[in-house]
Amino acid sequence: MDTHGYDGKGIGIAVLDTGCFPHEDLEHRIAGFLDMIQKRSLPYDDNGHGTHVCGIIGGSGAAKDGLYCGIAPGCHLIPVKVLDRRGNGYSSDVLAGLRWIRENRERWNIRIVNISVGSFSRRNMGENSALVRGVNAAWDDGMVVVVAAGNMGPKSGTITTPGISRKVITVGCSDDHKEVNVMGSRMIDYSGRGPTSACICKPDIVAPGASIMSCANLPGKYTSKSGTSMATPLVSGAIALLLQKYPEMSNRDVKLRLRDRAVDMGLPRNQQGWGLLDVDRLLMDGTESVSQNN
């Protein structure tokens with residue numbers, strides 16, 4: 001992967017998840033922290049999921065001589081703990097976390113919100129659900145909101161909320177044909193598929209999510225995790241590089257650039273979205289491609 005000399009420096013990324021352990025790879029770059037669960041003031045992660053996600057986005061790889069380096073190791077992170085030690089939580093905490101991010105976005109130059117959190121309850125699947133309204137409000141404030149497609153596939157209509165939002169960038173797995181362990185269960189073809197109940201094609205883009213190595217919630221340790229939760233921060237990290245290179249880009253500009261630079265995998269639209277994330281193509285200079293939005 002060629003990052004063209006960019007590392008995400010100056011770009012703030014809020015991560016709604018289980019928190020973040022102050023791992024060596026993230027040292028000095030956890031700029032802010034909010035704990036909706038236990039109201040603690042210092043960063044921690046009693047589950048490990050959020051730390052893994054943060055490492056994929058911006059880990060330096062320092063604890064292993066750069067071997068497990070994140071996509072944007074120069075960015076700064078703002079973890080928001082909205083899930084408990086079991087990885088469960090309430091939409092009310094997610095919504096409160098989103099409000100806090102919106103209120104503090106200028107303080108930490110929060111340009112990106114990463115949400116590897118989803119619900120598949122039928123009663124909140126609609127576009128008018130509170131979670132969808134919450135992520136849409138963050139998008140309308142100008143932030144790039146990147147959301148996991150969920151691991152409820154492969155049937156159609158299995159995108160989790162708030163990934164069903166037509167505004168946000170919803171990320172699926174490009175490699176879910178590989179059998180992996182997700183939350184203690186062996187899974188294959190798990191990445192959420194569209195369309196949504198409003199007939200919106202989803203996901204928007206896919207990235208690798210199988211057996212991704214990243215930071216554990218222990219000093220100097222790494223661990224492997226799988227799922228759309230791991231694919232999502234790959235996209236968030238890539239967007240941080242893009243925004244460092246083109247700081248004037250709007251979230252809509254970012255979304256169109258992702259669409260135009262994705263690599264078609266030849267899979268159904270409601271499985272691969274626009275295609276596979278290609279960081280090199282995303283950052284490459286040159287004439288922008290123009291295509292009809294069918």
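Which residues does Ile239 touch, not counting residues up to four places away in sequence? Ile239 touches Ile112, Val144, Val146, Ile169, Val254 and Leu258, where contact means heavy atoms within 4.5 Å.

This is a predicted model, in which local features need pLDDT of at least 70 and side-chain atom pairs count only at pLDDT 80 or more, while totals for chains, interfaces and linings use all residues. Residues are numbered from 1 along each chain as its sequence is written, and side-chain values use heavy atoms, with hydrogens and water left out.

**The nonpolar core**

Ile239 and Leu258 have the most contacts inside the largest nonpolar core, a set of 74 residues. Such a core is made of buried Ala, Val, Leu, Ile, Met, Phe, Trp, Tyr and Cys residues joined through side-chain atoms within 4.5 Å, and buried means under 20% relative accessible area, calculated with a 1.4 Å probe on protein chains only. Helix α4 (residues 228–245) gives the most to this core, with 10 residues; helices here are DSSP runs of H or I with at least four residues, and strands are runs of E with at least two, numbered from the N terminus.

**Helices α2 and α3**

Helix α2 (residues 91–104) and helix α3 (residues 130–140) pack at an angle of about 10°, with their axes 10 Å apart. Axes are lines fitted to C-alpha atoms, for helices over the stretch in contact, and angles run from 0 to 180 degrees between N-to-C directions. The angle makes α2 roughly parallel to α3, a label for angles under 35 degrees. On the α2 side, Ser91, Val94, Leu95, Leu98 and Arg102 meet Ala130, Leu131, Gly134, Val135, Ala137 and Ala138 of α3.

Helix α3 is mostly covered, with 8 of its 11 residues buried, and these buried residues pack against α2, β4 (110–115), β5 (144–148), β6 (169–173) and α5 (251–261). Just after α3, Gly142 takes a positive phi of about 105°.

**Two buried residues**

The table sets out Ser165 and Leu242, with contacts that leave out residues up to four places away in sequence.

| Residue | Place | Relative accessible area | Touches |
|---|---|---|---|
| Ser165 | loop between β5 and β6 | 0% | Val132, Val135, Asn136, Thr170 and Lys202 |
| Leu242 | helix α4 | 0% | Met249, Val254, Arg257, Leu282 and Leu283 |

A polar atom of the Ser165 side chain lies 3.1 Å from the backbone nitrogen of Lys167. Leu242 and Gln272, which are 30 residues apart in sequence, are 21 Å apart in space, C-alpha to C-alpha.

Notes:
Angles under 35 degrees count as roughly parallel, over 145 as roughly antiparallel, 65 to 115 as roughly perpendicular and the rest as oblique. Buried means under 20% relative accessible area, exposed over 50%, partly exposed in between (1.4 Å probe, protein chains only). A polar contact is a pair of N or O atoms within 3.5 Å; within protein, one must be able to donate a hydrogen and the other to accept it, and residues adjacent in sequence count only if both atoms are side-chain atoms.
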